[in-house]
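Good morning, everyone, and thank you for making time for this short talk. Please have the sequence and the 3D view open while I speak.

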Amino acid sequence: MPLPETLKSVREWFSERGLRGRVQTIDGSRLDQAIAGLGYTETVGPALRQSAPLLPALKILRDSADPRRTAEITKELPEDYFTVYRRGLGIPEFQAILTTGDAEIAFAVVRGDNAEALSVGRVTIDTATRHAGIAALATAEHARRQGLARIVLRELLAFSAERGAESTYLEVDEQNAPALALYESLGYTTAHRYHCRLL
């Protein structure tokens, strides 16, 4: 369909679900400029897509993350995942979003002494391209600044390396300075900047 009709369909799909339509675009791309040219100038974001060679990042994590603590790896979404990853809390579709796709999916959870989930993350491994995508990474507010995200990343990247992944990527809010510093220390660099254009 021509772009105006496509955007109309997107708006209607979101509207039927009580939501405002949005399209994720690479900042400044031809598509982004075309949508803006149709009057959709309001955006949400920006965020960054970053990537790194997997094995060097894993080596840094093995050298820097607390060796006394581990994260449990599961193929199933842990029941208490959303007690830490608050973005999906109360959204019924989020479980399906996190557990479906063409790639191999796994979850990591660091737990406290009382078995409480403290830090979580998800990886999708595309065995054809050998890419490991890290997502849905979060640490409970009271457990931050303890290096738990490093432990989650270490276990997810180790799991991915065992399955032949050679590179890793993730997305991070441009304003999240602590996360950006962590990812930079692991060798992640920005591939592109993106945002969502609201319809």
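I will go through one helix first and then turn to the nonpolar cores.

Please keep in mind that what we are looking at is a predicted model.

Let me begin with helix α6, which covers residues 177–185, and in which Ala179, Leu182 and Tyr183 are buried. If you look down the axis of α6, the buried residues fall within an arc of 95°, so they line one face of the helix. And what covers them? The buried residues of α6 are covered by elements that include the strands β2, at 43–53, β6, at 131–139, and β7, at 167–173, together with the helix α5, at 148–162.

The two ends of α6 also deserve a look. At its start, a side-chain oxygen of Asn176 comes to within 3.2 Å of the backbone nitrogen of Ala179, while just after the helix Gly187 adopts a positive phi of about 95°.

Now to the cores. The largest nonpolar core has 35 residues, and Tyr183, which we have just met in α6, is among those with the most contacts inside it, as are Val123, Ile134, Leu153, Leu157, Leu186 and Tyr188. Which elements give two or more residues to this core? They are β2, α3, β4, β5, β6, α5, β7 and α6, and the largest share, 9 residues, comes from α5.

As one example, Ile134, leaving aside its neighbours within four places in sequence, is in contact with residues including Val123, Leu153, Leu157 and Tyr188. Finally, apart from this core lies another one, of 14 residues, which includes Leu77, Phe82, Val84 and Tyr85.

Methods. Residues are numbered from 1 along each chain as its sequence is written. This is a predicted model: local features need pLDDT of at least 70, side-chain atom pairs count only at pLDDT 80 or more; totals for chains, interfaces and linings use all residues. Side-chain values use heavy atoms; hydrogens and water are left out. Buried means under 20% relative accessible area, exposed over 50%, partly exposed in between (1.4 Å probe, protein chains only). Helices (H or I, at least four residues) and strands (E, at least two) are DSSP runs, numbered from the N terminus. The arc is that of the directions from the helix axis to the C-beta atoms. Contact means heavy atoms within 4.5 Å. A polar contact is a pair of N or O atoms within 3.5 Å; within protein, one must be able to donate a hydrogen and the other to accept it, and residues adjacent in sequence count only if both atoms are side-chain atoms. A nonpolar core is a set of buried Ala, Val, Leu, Ile, Met, Phe, Trp, Tyr and Cys residues joined through side-chain atoms within 4.5 Å.
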